[in-house]
Amino acid sequence: MEKLDISTILASAIHESKNQVGTLLYQLQGLKEGVANKEPHHKKIVVIEESLKKLNDEWVEYLYLYRLASDGYELHVDTFLLDEFLDDQVFALQPSATAKNLSLEYRCDADLTGTFDERLMTAVVSTAVYNALRFAKSKILISAIQENGYLLLAIEDDGVGFKPKPEQEEAFLEGNTGLGLYFAELSAAAHVVYKRSGFIKKESSPTLGGARLCVYLPQSSQETIDLG
Amino acid sequence: MAHQDFSKKKALVIEDMAEARIMQRKMLSDFGFGSIEVAMKAETAVELLQTQAFDVILSDYNLGKGKDGQQLLEEVRHSKLISNTATYLMVTAETSIEMVMGAIEYQPDGYITKPFSQALLQRRLNKLLETKEKLYDVNVALDKNDHAAAIEAAKIVIAKHPALKGRCGRIIGESLLELKDYDKALSLFNSTLKERKMPWALFGKAKSYFLMGELEKAEQSFKQLMLDNRFFVSAYDWLAKILIRQGKQEEAQATLIEAVNRSPKNLLRQIELGNISLTLNDFITAEMAYRRAVFLAKHSCYNTADVYLKHLESLVNMTNEGPLSSRQRSHFESTLKKVHESFYDDPDDRATTYGYDISVHLADHDINGAHQIYNTWLEDIKTGLTSAPSKQQSLKYARAFGG
């Protein structure tokens with residue numbers, strides 16, 4: 001029998017499963033509509049819904065990860081108003097934060113724009129926020145600024161922060177494989193402008209005290225187009 | 001974000017899966033849309049779009065056996081069946097999104113990935129319609145084909161909304177091409193490319209060179225586009241156009257065959273392949289291309305007699321080598337029947353069809369059958385239903401029927 005590439009098999013298996021999650025989510029939505037807000041089952045349905053959404057987002061991440069790692073991802077950049085982009089992210093992730101009694105907010109200048117691949121950055125931000133949801137005590141903040149020709153997207157929380165190196169093995173045993181960070185790194189690096197590539201930084205949050213993941217995306221220096 | 005008033009807006013939902021269709025329809029009706037039409041496939045959608053104007057079109061990418069959502073979008077935008085002020089929102093899965101993003105030439109106004117909640121759809125629609133409002137003057141000018149006005153309007157939008165710079169830059173570039181101001185267009189695309197390798201700018205650059213007659217430079221840019229974007233099959237069409245202009249008909253045909261293999265459901269590409277194959281006297285390829293075109297034309301905006309007649313013509317040309325096989329014969333009959341059903345009112349098309357039908361009968365040595373058709377033709381001429389045979393045809397028939 002012809003031997004197939006295992007990563008391709010895994011990628012298509014994930015895809016199949018992701019589609020099933022989608023169907024489950026649709027069915028659940030129908031079920032939720034039939035159950036009044038106050039009923040005890042309603043809360044359970046919301047929990048299941050959030051878990052399925054997270055599962056879906058994780059599989060999206062793995063699919064992109066596979067493509068990025070195998071050079072099969074075609075970057076599609078566009079210019080976005082960060083106020084809108086971050087508002088979208090908070091909107092999509094708010095229910096997960098609320099379910100854990102955490103606050104999730106964003107901050108950026110109202111007229112800040114940036115050029116990047118929206119789908120990829122949506123997956124990176126959601127991965128980082130899901131991660132922060134596990135560690136934050138009360139708050140998660142997403143922010144964006146322009147810094148030295150880069151757009152800086154930061155996701156920070158008020159948890160214990162990144163652990164120093166020796167304990168990383170432990171983190172691995174806890175089930176945190178660092179896949180999310182690797183994904184963020186590949187996604188950032190896929191953004192290239194004039195030989196400047198994107199990158200990430202892990203640091204502690206100066207304002208919240210917990211972990212802070214910084215995603216740097218290169219922007220064009222000259223912001224004018226010759227409009228003729 | 002201000003909430004849109006949907007009550008005066010008309011929506012069209014195109015989705016083949018019943019469950020999703022019912023859900024989406026319900027969502028739109030909850031948003032307060034004044035009217036919602038539903039189509040289960042692209043072909044039905046075309047019929048609806050031909051008779052009604054919609055403000056919002058929500059189309060799934062995957063539409064079962066027929067055309068997909070992207071092909072539908074390309075067809076209705078190309079034939080201007082939907083106005084620029086209308087909003088086309090594509091519903092995609094993670095895999096199909098690449099085809100949509102990779103199409104470059106015709107992109108939807110927005111996309112939403114399955115699965116999505118009602119709240120997310122509402123938000124997307126609100127934002128898309130908000131953007132459409134900002135671009136209203138630009139799109140109205142585009143709908144009127146007033147490209148100079150579109151450029152002016154786009155410049156105003158950029159000044160007011162910097163986030164729409166990319167979108168407006170593209171519109172300006174393409175309008176400059178329409179105005180045949182190729183130098184200005186090229187410099188706009190180049191200055192965009194200097195900043196970032198945007199596929200639309202590279203596409204614009206390639207088109208500019210093509211229109212300026214700089215065929216080699218155009219070829220280079222289109223080849224680059226093909227390398228960068230696996231899913232941009234239109235680059236093949238352009239490459240074929242360049243090769244035709246360079247007199248390399250065979251290479252053009254090979255390029256189109258490759259494109260057709262990648263994306264067999266594109267009607268215009270099949271017609272193009274048929275045309276070039278006819279000029280190369282490659283009737284077998286021509287027949288195959290037109291046969292597919294006939295199949296695709298039925299529920300499309302390009303359902304003209306020409307497609308059908310060209311298919312018949314390819315088959316008639318094949319009779320130079322001897323009678324048609326029974327299979328080819330049945331292809332002929334099938335298309336002939338469709339011409340009879342839909343295009344027999346035009347006197348010239350009718351005469352052409354009679355001519356083809358007689359030729360096929362003659363090739364089969366069925367003199368009686370041919371003669372009968374000829375007699376019907378002559379009857380039709382008397383009643384003014386059709387035009388007369390050419391001199392050459394008359395001579396040929398006189399020889400064949402001894403009349």
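**Notebook: chains A and B**

I began with chain A of this predicted model, where I found that buried residues make up 35% of the 228 residues. I then looked up its secondary structure, and chain A turned out to hold six helices and nine strands. When I turned to the contacts in chain A with a separation of 6 or more, I noted that 71% of them are accounted for by residues 24 or more positions apart.

Next I checked how chain A is divided, and the domain assignment gives domain 1 as residues 6-69 and domain 2 as residues 77-218. Taken over C-alpha atoms, the centres of these two domains of chain A are separated by 22 Å. I looked up who takes part in the contact between them, and recorded 11 residues from domain 1 of chain A and 12 residues from domain 2 of chain A. Sorting by class the side of domain 1 that touches domain 2 in chain A, I wrote down seven nonpolar and four charged residues, with no polar ones.

I moved on to where the chains meet, and found 30 residues of chain B in contact with 27 residues of chain A. Which helices of chain B each supply at least two residues of the side that touches chain A? I listed α1 (18-31), α4 (96-102), α5 (118-134), α8 (165-178) and α9 (182-195) of chain B. The largest share of that side comes from α9(B), which gives six residues. By class, the side of chain B that touches chain A has 10 nonpolar, nine polar and 11 charged residues.

Within chain B I then followed up one residue, B:Asp60, at which UniProt, in an unreviewed entry, places the feature "modified residue: 4-aspartylphosphate". I located B:Asp60 in strand β3 of chain B, which covers residues 56-60. Is B:Asp60 buried or exposed? I counted B:Asp60 as buried, because it has 24 C-beta neighbours inside 10 Å, where 20 or more are needed for a residue to be called buried. Leaving aside its neighbours within four places in sequence, I noted that B:Asp60 is in contact with B:Ile14, B:Glu15 and B:Asp16, and also with B:Gly69 and B:Val91.

Last, I looked up the confidence scores that go with the prediction. Chain B averages a pLDDT of 92, and 99% of its residues score at least 70. For the model I copied down an ipTM of 0.77 and a pTM of 0.83.

Methods:
Residues are numbered from 1 along each chain as its sequence is written. Chains are lettered from A and ligands numbered from 1 in the order in which they are written. This is a predicted model: local features need pLDDT of at least 70, side-chain atom pairs count only at pLDDT 80 or more; totals for chains, interfaces and linings use all residues. UniProt positions are given in the numbering used here, feature names are shortened, and annotations may be inferred rather than shown by experiment. Helices (H or I, at least four residues) and strands (E, at least two) are DSSP runs, numbered from the N terminus. A residue is buried if 20 or more other C-beta atoms lie within 10 Å of its own, exposed if 12 or fewer, and partly exposed in between; C-beta atoms are placed from the backbone. Two residues are in contact if their C-beta atoms, placed from the backbone, lie within 7 Å. Ala, Val, Leu, Ile, Met, Phe, Trp, Tyr, Cys and Pro count as nonpolar, Asp, Glu, Lys and Arg as charged, and the others, Gly among them, as polar. Domain bounds come from an automatic or database domain assignment. pLDDT is the predictor's confidence in each residue, from 0 to 100.
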